[in-house]
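This briefing goes through selected features of one structure, grouped by topic. Please keep the sequence and the 3D view at hand while reading.

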Amino acid sequence: MDGLLIENLSFSYGEKCVISNFSLDLPLTGMTAISGPSGCGKTTLLRLLAGLEKPSGGSIKGIKPEETVILFQEDRLLPWRTVREQISDVLPKGRRAEADQWLAFAELEKEKDVYPDALSGGMARRLALARCCALGGKLLLLDEPFAGVDVRRRARMMERLKKLGIPALLATHEQDVVAACQRVVCLEGPPLRVVPLV
């Protein structure tokens, strides 16, 4: 897998044009920050890459939707499953022992037996991120992965993300997260467009 090539991509929600003739050529290695103001179309772009929305025009090459894993802006935790079960349930039977490694990844070892309603917002976000990463995939699509997570902890988690060796696109507002990525794509919109670096 050499790179992600988006050519003349277009998408609308009803009458609202969110993406129009959008093109982007990215190497699929390391961490890439997708930075831009709220509402510019970052989330829609990730949903298109994940195959959750279908473009009205254009093409996406270099990655198949079934090879991607997406972290939504909402944590989407199951209220009736413990912290450990949130992760172990998504792992194949032969790999469920790995759940403890992912709890360490999220710094949630002490919370493994509690339910989501006992977690802070930052804890829930870390759990959702760990569960997403545990799924594997050839490309991680992470929408605000560190919302509510304190600066020091997200710096540690960024290092762990890099060590996974899985290419990731991170839609984020946190400048420290942007700075920790290997490359940055600055966007504005709608319709979505790349802001040239001066």
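Are α4 and α5 roughly parallel or roughly antiparallel to each other? The model is a predicted one, and in it helix α4 (residues 121–134) and helix α5 (residues 151–164) pack at an angle of about 0 degrees, with 12 Å between their axes. Angles under 35 degrees count as roughly parallel, and α4 and α5 are therefore roughly parallel to each other.

**Packing of α4 with α5**

- On the side of α4, the contact is made by R126, L129 and C133, while α5 contributes R153, M157, L161 and L164.
- Sorted by class, the contact of α4 with α5 has 5 nonpolar and 2 charged residues, with no polar residue.

**Helix α1 and the residue that follows**

- Helix α1 spans residues 42–49, and because 6 of its 8 residues are buried, α1 is largely enclosed by the rest of the structure.
- The buried residues of α1 are K42, T44, L45, L46, L48 and L49, so a lysine, K42, is listed as buried together with the leucines L45, L46, L48 and L49.
- Just after α1 comes G51, which takes a positive phi of about 80 degrees.

**Aromatic pairs and a charge over a ring**

- The structure holds 2 aromatic pairs, one of which is formed by F11 and Y13, edge-to-face, with 4.7 Å from centre to centre and 85 degrees between the planes.
- Within this pair, F11 is buried at a relative accessible area of 6%, whereas Y13, at 37% relative accessibility, counts as partly exposed because the partly exposed class lies between the 20% and 50% cut-offs.
- The rings of W102 and F105 have their centres 5.3 Å apart and their planes at 65 degrees, and because planes over 60 degrees apart count as edge-to-face, this pair is edge-to-face.
- W102 and F105 both belong to helix α3 (residues 99–105), where they are 3 residues apart, about one turn of the helix, and both of them are buried.
- A ring also takes part in an arrangement with a charge, since the charged end of R76 sits over the ring of F72 at 3.7 Å from the ring centre.

**Strand β3 and the surroundings of I34**

- I34 is placed in strand β3 (residues 31–35), and at 1% relative accessibility I34 counts as buried.
- When neighbours within four places in sequence are left aside, I34 is in contact with K42, L169, L170, A171, T172, V185 and L187; K42 is also among the buried residues of α1.
- The C-alpha atoms of I34 and L164 are separated by 19 Å, with their positions 130 residues apart along the chain; L164 is one of the residues that α5 brings to the contact with α4.

**The loop between α3 and α4**

- K112 lies in the loop between α3 and α4 and, at 35% relative accessibility, counts as partly exposed.
- Apart from its neighbours within four places in sequence, K112 is in contact with T82, V83, R84 and L103.
- K112 and V184 are 72 residues apart along the chain, and their C-alpha atoms are separated by 35 Å.
- E107 lies in this loop between α3 and α4 as well, and although E107 is not a glycine, its phi is positive, at about 60 degrees.
- At 17% relative accessibility, E107 counts as buried, because the buried class covers values under 20%.

**Other backbone features to check in the view**

- N8, a residue other than glycine, has a positive phi near 50 degrees; N8 is placed in strand β1 (residues 3–13) and counts as partly exposed at 44% relative accessibility.
- G189 and P190 are joined by a cis peptide bond with omega about 0 degrees, and P190 has its place in the loop between β8 (183–188) and β9 (193–194).
- P190 and P191 are joined by a cis peptide bond too, here with omega about -10 degrees, and P191 is likewise placed in the loop between β8 and β9.

Methods:
Residues are numbered from 1 along each chain as its sequence is written. This is a predicted model: local features need pLDDT of at least 70, side-chain atom pairs count only at pLDDT 80 or more; totals for chains, interfaces and linings use all residues. Side-chain values use heavy atoms; hydrogens and water are left out. Rings of Phe, Tyr and Trp (its six-membered ring) pair if their centres lie within 6.5 Å; planes under 30 degrees apart count as stacked, over 60 as edge-to-face and the rest as tilted. Buried means under 20% relative accessible area, exposed over 50%, partly exposed in between (1.4 Å probe, protein chains only). Helices (H or I, at least four residues) and strands (E, at least two) are DSSP runs, numbered from the N terminus. A charge sits over a ring if NZ of Lys or CZ of Arg is within 6 Å of the ring centre and within 35 degrees of the ring normal. Axes are lines fitted to C-alpha atoms, for helices over the stretch in contact, and angles run from 0 to 180 degrees between N-to-C directions. Angles under 35 degrees count as roughly parallel, over 145 as roughly antiparallel, 65 to 115 as roughly perpendicular and the rest as oblique. Contact means heavy atoms within 4.5 Å. Ala, Val, Leu, Ile, Met, Phe, Trp, Tyr, Cys and Pro count as nonpolar, Asp, Glu, Lys and Arg as charged, and the others, Gly among them, as polar.
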